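Me: I'm new to looking at protein models, so please pick one part of this one and take me through it slowly.

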Amino acid sequence: MGLPALYKINLKTDAADRAALVDYCLEKSIIGVGWGPHYFRDDLPTGFDDYYAGVKATWGTKTTGPVRWLHDADIGSLVWFRDLKGNYYLARLTAARRASRR
């Protein structure tokens with residue numbers, strides 16, 4: 001059995017309080033990346049491919065890598081990130097992918 005894949009994620013948002021975002025992810029044991037479809041359309045995408053096409057059309061492919069790898073990552077993959085104080089965290093993906101609604 002090989003080693004699990006390892007990814008790095010930046011927990012960023014346009015919210016006024018990024019620390020609250022990190023705290024929320026830690027408290028809920030969740031991790032996510034991407035942009036809500038409300039940034040580029042008025043309705044909900046029909047699935048990931050529809051969503052990803054909108055993301056690529058709006059922001060290009062240079063910034064969308066994490067959206068794709070998180071979607072494609074296997075259960076058991078590892079993800080690391082830092083909080084705003086420089087503390088490091090290591091997470092293991094344990095649940096199936098779920099697209100969140102607005």
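Reply: Before we start, one term: two residues are in contact when they have heavy atoms within 4.5 Å of each other. Also keep in mind that this is a predicted model.

Let's begin at W69. Skipping its neighbours within four places in sequence, W69 is in contact with Y7, K8, I9 and V79. Two of the residues in that little group, I9 and V79, turn up again with W69 in the largest nonpolar core. That core has ten residues in all, and the others are L11, V22, C25, L70, A73, F81 and L93. Which elements give two or more residues to this core? They are α1, α3 (65-72) and β2 (78-82). As a rule, nonpolar side chains in soluble globular proteins tend to be buried together. There's another core lying apart from this one, with five residues, including F48, Y52, V55 and V67.

Now follow V79 into the sheet. V79 stands opposite A91, which belongs to β3. The strands β2 and β3 run antiparallel, and five bridges join them. Zoom out a bit and you'll find three strands making an open sheet, in the order β1-β2-β3, with mixed pairing. β1 (6-8) and β3 (88-92) stand at the edges with a single partner strand each, so each has one side left without a neighbour in the sheet. On average, and ignoring direction, neighbouring strands here are turned by 25° against each other.

How values were computed
Residues numbered from 1 in each chain as written. Predicted model: local features only at pLDDT ≥ 70, side-chain atom pairs only at ≥ 80, totals over all residues. Heavy atoms only, no water. Core = buried A, V, L, I, M, F, W, Y, C linked by side-chain atoms within 4.5 Å. Buried < 20%, exposed > 50% of the residue type's maximum accessible area, 1.4 Å probe, protein only. Helix = DSSP H or I, 4+ residues; strand = E, 2+ residues; numbered from the N terminus. Pairing = 2+ DSSP bridges. Axes fitted to C-alpha atoms, helices over the stretch in contact; angles between N-to-C directions.
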